[in-house]
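Reader: Could you walk me through reading a fold like this one, from the overall picture down to a single residue?
Author: Happily; let us look at it together.

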Amino acid sequence: MTDGRLPDEQGDWPVPDLADTELAPFWAATAQGRLLVQRCEACGARRWPPRAACAACGVQPARLGWAEVSGTGRVYTWTEVHRSPLPHFRLLVPYTVALVELHDDPRLRMLGLLDRGPQPGDLVTVGMPVRVHFRNVAAGVYLPTWQPGQ
Amino acid sequence: MTDGVTGCVIVGVGETEYSRRSGRSEIRLAVEALRAALTDAGLPPRAVDGIVSYPGSPRAEDLIGALGLPGVRFSATPQLGGASSVASLQLAAAALAAGSATVVACVFARNGNSGKRIATRIDQLLPGGYLRRGLEHPQGLSTPAQWYSLLCRRHMHEYGTTREQLGTVALTMRRHAQLNPRAQLHGRELTMAEYLASPPVALPYLLLDCCLETDGGCVVLVTRPDRGRDCRQPPVAVAAVAEGHPDSPDDITGRTPFLETGLRYAAARAFAAAGLRPADVDVALIYDCFTFEVLHQLEEAGFCAPGEGGPFAASGAITLGGSLPVNPHGGLLGEGHLGGMNHVAEAVRQVRGECGQRQVPGARVAAVTGWGDLGDGSMAILVPGD
């Protein structure tokens, strides 16, 4: 980890449940290099993270769907983690996690590791432009992480 | 009970010693703290007919079994993380108002340091498990220090809150702990240089921005005013108590406004119910899980304007002798992490006027906040009960 870059394919990465009923379509899309957010088919409201009902119009899960977003945004806030109890991450410290407001709609914010490259963490700034990078962290698991850039 | 007005009183508070290693079970800690509170109130164990236990603490069944309390007819557990201690008072008040109980014990006990510590405990207690395990753990985010550091960073960006202002909170809590022999960090002063040199945990948070993890128990006894008159101590009235939740309480990341917390709603409800304003408060017990959360809650509760928490603390306002002394006992940062039940106990003792060298002179109105999970909030306002 001497250059600050994040490795692919770590055996003990805390992977998500790809079959989780609320998130399965999201993970299926990331494996195809597409980034989705939740969209209500009744009123069109987009939402992240996804929920079991639409808070805007009250419709139930059956009418909730998905919309693709561009995968670019800006850092809204971030943390540099020096202590982690999670498997794999306890060895990866320090690493940076950013909350990114999406260009498609700044009200949509998505959390993710920030691959900060060779720069030290203090060069991460609020407002910094980033784009998504789907990182293959385990068999079939493509995690949306973020890299500096337009 | 209408609109947060409780009509109930606190007649006893008690605790064990606060330590890094209690050497005994959590049930024993709960029993000892309950016995201490009963002694304080001058009540026998069998007077307790209601038990509200903090999430993860020994349950009503545990205490009934240990002490033999066949008369217990009300039990409950709030689910607001660290805001649960103050929220316990609301459950107690509701039970008393409904006639479901006459003496309710609000119980916290935990081997929070020598047993399961926060990072491994939290996963079982938080809302939104699918969001934690699906979207946060895979990205390396899993602890309160990490979540709340995102709030702190954004606050610094929006308002210019500084590292030194966070340090002021750490130093103030530690200074207060020097006046409290029960405090875990009694006898250990802290300088700004030591604070600034402490190792990073989740930047902006350094180790000394984070509260203690503690073994211990703390119990608060709540009853009706007519019953309170027979007790050993002067009753302290719960003038009002309320809880509140941000939208959304199961997730920090998508919240708009981002810095909204449940305390914003809880404090507004509590002050309205009590017919008081923030300026009427003589002493504040703020749930200081991390330094920034003190600044944040001072704003959210209305003690200062949004964005002014840092300058407010740096002005000396939160120190004993300042305009709003905060946590004379040293708080979670200096006395110990008893889930904020120790904040309720300190508020009771401040209103009774029995706090010795850390007493806020003439304190009659104490406000206690709770902060928990991903931003749930609670507030109680305590005043003399006679």
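Author: Chain B has 14 helices and 11 strands, where helices (H or I, at least four residues) and strands (E, at least two) are DSSP runs numbered from the N terminus. This is a predicted model, in which local features need pLDDT of at least 70 and side-chain atom pairs pLDDT 80 or more, while totals for chains, interfaces and linings use all residues. Residues are numbered from 1 along each chain as its sequence is written, with chains lettered from A and ligands numbered from 1 in the order written.

Reader: What share of the residues of chain B counts as buried?
Author: A residue is buried if 20 or more other C-beta atoms, placed from the backbone, lie within 10 Å of its own, exposed if 12 or fewer, and partly exposed in between. In chain B, 63% of the 386 residues are buried.

Reader: Which residues of helix α5 of chain B are buried?
Author: A general idea helps: an α-helix has 3.6 residues a turn, so residues three or four places apart point the same way. In α5 (residues 129-136) of chain B, the buried ones are B:Leu131, B:Gly134, B:Leu135 and B:Glu136. They lie on the same side of α5(B), because they cover an arc of only 150 degrees around the axis, judged by the directions from the helix axis to the C-beta atoms.

Reader: What do the buried residues of α5(B) pack against?
Author: Contact means C-beta atoms, placed from the backbone, within 7 Å. The partner is β6 (105-114) of chain A.

Reader: And B:Val13, buried or exposed?
Author: B:Val13, in strand β1 (residues 8-15) of chain B, is buried, with 26 other C-beta atoms within 10 Å. Beyond its sequence neighbours up to four places away, B:Val13 touches residues including B:Ala37 and B:Val220.

Conventions: Two residues are in contact if their C-beta atoms, placed from the backbone, lie within 7 Å.
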